[in-house]
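Reader: I am new to this structure and should be grateful for a close look at one part of it, the network of salt bridges. Please set out the terms as you go, and then place that part in its surroundings.

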Amino acid sequence: MKTYIGIDLGGTNVRVAKVSEFGEVLAQVKGPSYGTEGPAKVMSNLKDMVRDIPGWKDCSGIGVGVPGPVEKKSGSMVISTNLKGFTGYPFADELSREFGMPAFIDNDANVAGLAEALVGAGKDKSIVYYVTISTGIGGALIVDGKTVAGKHGFGGEIANIIIDRNRQKINDLNIGAVENEASGTHITRKAKEKIHDHEILHAGSVFELAADGNPEAIQIVDEACKDLGQMFATIACVCDPDIFIIGGGMMKSADKFLPKVIENYKAMSHTTIQDTPFVIASLDEPGIIGAAMLPMSEGL
């Protein structure tokens with residue numbers, strides 16, 4: 001049985017695990033990532049954590065999931081907002097030299113999608129599109145067991161897709177960007193702007209109010225479902241996946257909004273692609289498993 005080292009590196013925390021080719025987490029260590037302290041501190045910490053994994057020398061490769069777009073050929077980050085000093089840093093090469101085995105890095109949403117494609121809900125499917133809907137909206141395109149990062153590392157990124165040019169300007173994303181209209185963060189924002197007689201803690205609060213018949217909440221949820229349906233229809237026009245796999249915190253309320261999203265997807269899609277299945281992500285630890293799957297996806 002082949003095993004791999006997977007590293008799930010965030011701006012605050014990091015996890016390092018030994019994972020089997022079947023997606024089983026065999027050993028794991030966790031700790032702070034020191035993401036604001038620069039590459040020397042972060043890399044020294046990572047190397048120590050890898051050496052804390054029993055039997056790490058028996059692994060066939062190392063994979064790392066990072067928060068931001070990645071240039072896969074150079075094994076470096078294109079943008080490193082949450083990891084100070086890592087833009088252009090030779091991440092994969094340094095780990096490969098240190099441990100004497102191939103190393104690869106990719107965006108954290110991409111590796112989560114890779115895990116679902118190889119050992120999760122998309123297993124044995126040729127074209128998998130993974131979407132995470134939570135505080136933001138992220139995406140990953142996996143074709144024949146490999147993530148498609150694109151020339152600039154933005155392959156699969158969907159947050160900035162415009163679903164309506166007539167919305168308000170929110171931040172640096174496009175006006176009408178789907179993340180600013182239908183993510184958990186912005187469903188919550190809209191509800192707080194319109195609903196003043198109920199406490200809005202998160203998007204789940206809005207879904208509950210809509211289910212209870214609150215007219216403002218119903219309007220917000222219906223609009224978000226239409227926006228998400230349009231987003232999925234746009235994705236399908238480009239890559240016509242075998243399956244959509246959806247993860248992220250909003251899936252806790254999937255029964256309250258996903259059927260409406262699918263209805264809108266079908267209404268805005270060509271008849272021949274309306275039967276594309278929508279499946280909720282199945283893995284509990286897709287980030288760490290997917291990172292470990294990166295070497296396997298390269299044939300190791």
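Author: A salt bridge is here a side-chain nitrogen of Lys or Arg within 4 Å of a carboxyl oxygen of Asp or Glu. The model is a predicted one, in which local features need pLDDT of at least 70 and side-chain atom pairs count only at pLDDT 80 or more, while totals for chains, interfaces and linings use all residues. Residues are numbered from 1 along each chain as its sequence is written, and side-chain values use heavy atoms, with hydrogens and water left out.

By the salt-bridge rule, the count comes to 17. A network of such bridges links Asp 164, Arg 167, Glu 181, Lys 190, Glu 223 and Asp 227. One of its pairs is Arg 167 with Glu 223, whose side chains meet at 3.9 Å, N to O. Arg 167 lies in the loop between strand S10 (146-147) and helix H4 (178-182), and Glu 223 in helix H7 (residues 215-239), so this salt bridge ties together parts that are 56 residues apart in sequence. Helices (H or I, at least four residues) and strands (E, at least two) are DSSP runs, numbered from the N terminus.

Glu 223 also meets Lys 190 in a salt bridge, at 3.1 Å from N to O. This pair again links distant parts of the chain, with Glu 223 in helix H7 and Lys 190 in helix H5 (residues 184-194), 33 residues apart.

How far these side chains are covered is described by relative accessible area: buried means under 20%, exposed over 50%, and partly exposed in between (1.4 Å probe, protein chains only). Arg 167 is buried, at 18%, and Lys 190 is buried as well, at 8%. Glu 223, with 32%, is partly exposed.

Another salt bridge joins Lys 256 to Asp 255, with the closest N and O atoms 3.7 Å apart. Here Lys 256 is partly exposed, with a relative accessible area of 28%, and Asp 255 counts as exposed at 57%.

The surroundings include a sheet. Five strands form this open sheet in the order S3-S2-S1-S4-S7, with mixed pairing; two strands pair if DSSP finds at least two bridges between them. Strand S3 (25-32) and strand S7 (103-107) stand at the edges, each with a single partner strand, so one side of each has no neighbour in the sheet. Strand S4 (residues 62-66) runs parallel to S7, and five bridges join the two. Within this pairing, Val 66 has Asn 107 of S7 as its bridge partner.

Helix H9 (residues 286-297) packs on the sheet, touching S1, S2, S3, S4 and S7, where contact means heavy atoms within 4.5 Å. The direction of H9 makes about 130° with that of S1; axes are lines fitted to C-alpha atoms, for helices over the stretch in contact, and angles run from 0 to 180 degrees between N-to-C directions.

In helix H2 (residues 91-99), the buried residues are Phe 91, Ala 92, Glu 94, Leu 95 and Phe 99. Seen down the axis of H2, they fall within an arc of 165°, so they line one face of the helix; the arc is that of the directions from the helix axis to the C-beta atoms. The buried residues of H2 pack against S1, H1, S4 and S7. Just after H2, Gly 100 takes a positive phi of about 70°.
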